[in-house]
2 protein chains.
Amino acid sequence: MGDGTTPDFATRIGVRIRRLRHERNVSLSALARDAGVGKATLSGLEDGSRGNPTIETLYAIAGRLGVPIGALLPDPPQEGEKPLETIHGTAVSASLLETFSDADTDTELFRLHIRPGYVQHSPAHPPGTVEYLTVFTGTAKVGPPDALLTVGPGGHVSWTADVPHTYTAISGEDVFASLLIRTPRN
Amino acid sequence: MGDGTTPDFATRIGVRIRRLRHERNVSLSALARDAGVGKATLSGLEDGSRGNPTIETLYAIAGRLGVPIGALLPDPPQEGEKPLETIHGTAVSASLLETFSDADTDTELFRLHIRPGYVQHSPAHPPGTVEYLTVFTGTAKVGPPDALLTVGPGGHVSWTADVPHTYTAISGEDVFASLLIRTPRN
DNA sequence: CTCCCCTGTTCCGTATACGGAACAAGGTAC
DNA sequence: GTACCTTGTTCCGTATACGGAACAGGGGAG
């Protein structure tokens with residue numbers, strides 16, 4: 001490996017950890033102790049000599065710093081242009097930004113890009129699934145074919161997505177939006 | 001280690017990877033090859049027998065799947081209560097889930113928890129900043145003091161946040177919500 | 001049937017991330 | 001001065017994550 005990965009990958013993580021640690025005025029020893037990792041590990045990580053930490057290690061450190069893992073890492077990988085083809089993505093590309101599980105619901109947050117000129121079809125999701133769309137730029141027409149909703153910049157709509165539904169960018173403009181999909185568990 | 005970490009930590013990652021892979025209709029072999037990791041590694045990761053992957057491995061896989069690292073991981077660690085210093089969080093804890101930069105705007109996505117019984121004050125953000133709040137549970141009253149907005153479960157509001165504003169959970173119920181803050185750059 | 005290409009799993013030697021311990025250096029107390 | 005507590009670094013044996021290779025099984029093609 002090591003080829004696709006950025007060269008200074010190691011140091012970048014180290015710098016972020018050290019910065020976050022200093023912001024909180026905790027010593028290396030203290031953070032290591034509280035996070036349950038060896039001082040050697042943390043020291044090596046921070047100065048970049050230990051390049052490739054384990055998730056468990058990173059988790060412990062991030063947890064103790066009160067930040068999500070993502071905050072410790074260089075910007076998302078996104079090799080080349082693989083935006084994550086959603087369902088049959090000619091019109092829509094969706095990047096899954098985050099998933100989190102509440103007591104009885106799974107939530108997925110996507111960042112959505114709808115290209116004009118096509119209609120994106122999405123099949124029915126499990127019963128009770130609700131989608132929340134917040135549009136930042138452009139105007140979109142979304143929802144079940146018999147109950148399409150139009151939503152412009154700054155607008156927000158939601159619909160139950162347990163029936164087939166579509167996404168369309170209208171007025172020839174690209175649509176950028178965030179999409180939250182909430183699925184009841186079981 | 002292994003004490004603070006959830007027990008099924010390993011399997012959770014595996015399940016997510018497998019689900020994302022299946023959604024994309026790629027085989028394990030293909031993903032392993034394209035991501036530049038061993039099939040053994042990926043296989044073990046997916047079925048949970050390989051519990052504690054290296055960041056480099058996870059990065060390669062996430063990159064190839066087109067998702068940020070966070071999407072592969074169980075909920076943010078957040079040991080104890082270290083919610084990422086909001087403003088002066090007695091009433092609100094906010095976890096920064098993701099930040100992304102568009103051409104001229106920085107977007108921050110928070111997961112918000114508003115505790116009832118207090119009023120959370122937030123100072124003015126830079127001019128042009130807009131906040132988008134989507135409430136999942138509870139009812140919140142938010143916005144500038146002279147233009148408070150009430151929003152219940154499933155509801156969504158937005159307001160320009162370049163003036164001081166407040167967050168309150170009303171009706172004695174905890175509010176869980178997602179908050180997007182969009183700040184124009186320069 | 002054989003041959004080929006694919007699937008995902010398991011085996012195993014090597015590389016390395018891990019934490020405990022020892023360490024030098026800097027403060028403070030007395 | 002000594003004694004003690006920090007700080008962050010380095011040494012080193014052990015545990016383990018890694019990928020290459022071998023593997024069993026499933027479809028087609030002919």
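1. Helix 3 of chain B gives the most to the surface near DNA strand C, contributing 3 residues. Since the coordinates come from a predicted model, the distances in the points below are computed values and should be read with that in mind.

2. Around DNA strand C there are 19 residues, and the closest of them come from both protein chains: T41(A), R50(A) and T57(A) on one side of the list, S27(B) and L28(B) on the other. By residue class, the surface near DNA strand C holds 9 polar, 6 nonpolar and 4 charged residues.

3. Several polar contacts reach the phosphates of DNA strand C from chain B. A polar atom in the side chain of S43(B) is placed 2.7 Å from a phosphate oxygen of this strand, while the side chain of R21(B) brings an N or O atom to 3.2 Å from a phosphate oxygen. For S29(B) the contact is made through the backbone, with a polar backbone atom 3.2 Å from a phosphate oxygen of DNA strand C. The elements that give two or more residues to the surface near this strand are helix 1 (9-23), helix 2 (28-35) and helix 3 (39-46) of chain B, together with helix 3 (39-46) of chain A.

4. As for which part of the nucleotide faces the protein, sugar or phosphate accounts for 64% of the atoms of DNA strand C within 4 Å of the protein, and bases make up the rest. For DNA strand D, 63% of the atoms within 4 Å of the protein belong to sugar or phosphate, the remainder again being base atoms.

5. DNA strand D is likewise surrounded by 19 residues, of which S27(A), L28(A), T41(B), R50(B) and T57(B) come nearest. The surface near DNA strand D divides into 4 charged, 6 nonpolar and 9 polar residues, and its largest share, 3 residues, comes from helix 3 of chain A.

6. On DNA strand D, chain B supplies contacts of both side-chain and backbone origin. A polar side-chain atom of T41(B) lies 2.2 Å from a phosphate oxygen, and a backbone N or O atom of G38(B) lies 3.1 Å from a phosphate oxygen of the strand. The backbone of N52(B) places an N or O atom 3.5 Å from a sugar or linking oxygen of DNA strand D. Two or more residues of the surface near this strand are given by each of helix 1 (9-23), helix 2 (28-35) and helix 3 of chain A, and by helix 3 of chain B.

Key: Residues numbered from 1 in each chain as written. Chains lettered and ligands numbered in written order. Predicted model: local features only at pLDDT ≥ 70, side-chain atom pairs only at ≥ 80, totals over all residues. Heavy atoms only, no water. Near = heavy atom within 4 Å. Polar contact = N/O pair within 3.5 Å; in protein donor to acceptor, adjacent residues only side chain to side chain. Helix = DSSP H or I, 4+ residues; strand = E, 2+ residues; numbered from the N terminus. Nonpolar A, V, L, I, M, F, W, Y, C, P; charged D, E, K, R; others polar.
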